[in-house]
Amino acid sequence: MGAPAAEAVRTAPRITGLSTRLITVPLRRHWGAEAPENHVIATGISTDDGSAGHGFSWTPTIGPQAVKALLDYDIAPFITGLSANPETVWDALWKRLHEAGGGGLTTIAMAGVDLALWDLQARQAGTSVTGLLGRRQESAEVYGSGVNLHYTLEELVAQAGRWVAAGHQAVKIKVGKPDLREDAERVAAVRSVLGPHRRLMIDANQRWDLPTTFRALDVLSEFGLEWLEEPLRADDLWAYRRLRKHSPVPIALGENLHTIYRFRDFIEAEAVDIIQPNIIRVGGITPFRRIVELARTHSIKVMPHLLPELSGQLALTLAEPSLVEDVEEASFEQLNILDGPSPVRFSNSRLTLADQPGLGFRFRDAL
């Protein structure tokens, strides 16, 4: 039994190259003055058996050139010659890059390698990444989301109406206006459009301190909120622990936690109800799966953050149903940067898989 396994290890394809390409695309509905565009760093990995895998890194604002430079000058030489196994490459690369930072630009760059290796492995197996990892859900619920704090009240109400017309049973809006009374007016208006039975989530994007959050909850919790997302600076574990202990609304966070260690810290401190890992920011599919298992051992819900073409595929592999976030007109398909059809389909507020090989998408060459 041992010899064939050893032979399989010896004959596994080895990485021969890593290519990168920076794509900057204007958003159809800009996310405020600070975020008019998104940046994708498309990655390609080649192996000595002639195979290829394709992935990407992503950042909405900060550091796309830095991510690309890290991939080109530090990651590419290091992974060349390694066996093309996503988990072993990820662990080796984590040790190599940790001196440059435990998360952030390092893990964002690592995601470009990890996704390309999972894409390659799934293609070699003749299946989708979802199929390779094991599909456990036939479909996933999609919630309508908007980066809309800069919208007028009329624009926000119109957006909520579009979500209702599209069949969404759950939506999320931004809060954090300078005047809490304006937040209350906006949340009340959206609740009126949604009616009493649809779920409503709010996201403060780290705009508040602890006293402000408690004042906001005193006012906003009456609107039947499903969760309050990231009201405080994401690093402030102490404050989140106090908040969750006294909050009448479940606390969600995780888009700005970059490693399993930080998720562990927040979970073990009982500072969070729902975690929202961004698959790119944590370093790819490999660490995302580990974070999911950590959450499951503590009965914490997992709701992947943004990027529905990727997050939706992973949501279908989870043992428990998860909500997939779809920011209005911000998917890769809607931004018209995919070279071919999307790997996921949206219908009646549900996401299903198109069953294309690997990750199921690449980015257009000419943009």
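Three strands and helices, β3 (52–59), α4 (105–125) and β11 (323–327), each supply at least two residues of the lining of the largest pocket, where helices (H or I, at least four residues) and strands (E, at least two) are DSSP runs numbered from the N terminus. The model is a predicted one, in which local features need pLDDT of at least 70 and side-chain atom pairs count only at pLDDT 80 or more, while totals for chains, interfaces and linings use all residues. Residues are numbered from 1 along each chain as its sequence is written, and side-chain values use heavy atoms, with hydrogens and water left out.

The largest pocket has a volume of about 800 Å³, and of the 34 residues that line it, P60, T61, N205, E255 and R281 lie nearest its centre. On a 1 Å grid over the protein atoms alone, a pocket is an open set of points with protein on both sides within 12 Å along at least five of seven lines, a cavity is a set of points where a 1.4 Å probe fits but cannot get out, and lining residues have an atom within 4 Å of a point. Grid points are joined across faces, edges and corners, and a volume is the space filled by probe spheres set on the points. By class, the lining of the largest pocket has 12 nonpolar, 12 polar and 10 charged residues; here Ala, Val, Leu, Ile, Met, Phe, Trp, Tyr, Cys and Pro count as nonpolar, Asp, Glu, Lys and Arg as charged, and the others, Gly among them, as polar.

The second largest pocket has a volume of about 320 Å³. Its lining comprises 20 residues, of which K301, M303, P321, S322 and L323 are the closest to its centre, and the elements that give two or more residues to this lining are β4 (140–145), β7 (225–229), α11 (285–297) and β10 (301–302). By class, 11 residues of the lining of the second largest pocket are nonpolar, two are polar and seven are charged.

Turning to enclosed space, the structure holds two cavities of 30 Å³ or more. The largest cavity contains about 100 Å³ of space, and its lining, which includes W31, W58, D326, V327 and F332, has nine nonpolar, two polar and one charged residues. The second largest cavity, with a volume of about 40 Å³, is lined by R29, H30, W31, G146, V147, Y151, Q159, V327 and E328, and these residues divide into four nonpolar, three polar and two charged. W31 and V327 appear in the linings of both cavities.

A single residue gives a local view: S349 is found in the loop between β12 (344–347) and β13 (350–353), and S349 is buried, with a relative accessible area of 8%, where buried means under 20%, exposed over 50% and partly exposed in between (1.4 Å probe, protein chains only). The side chain of S349 makes a polar contact with the side chain of H168 at 3.0 Å; a polar contact is a pair of N or O atoms within 3.5 Å, of which, within protein, one must be able to donate a hydrogen and the other to accept it, and residues adjacent in sequence count only if both atoms are side-chain atoms.

For the protein as a whole, 54% of the 367 residues count as buried, and the C-alpha trace spans about 65 × 40 × 40 Å along its principal axes.
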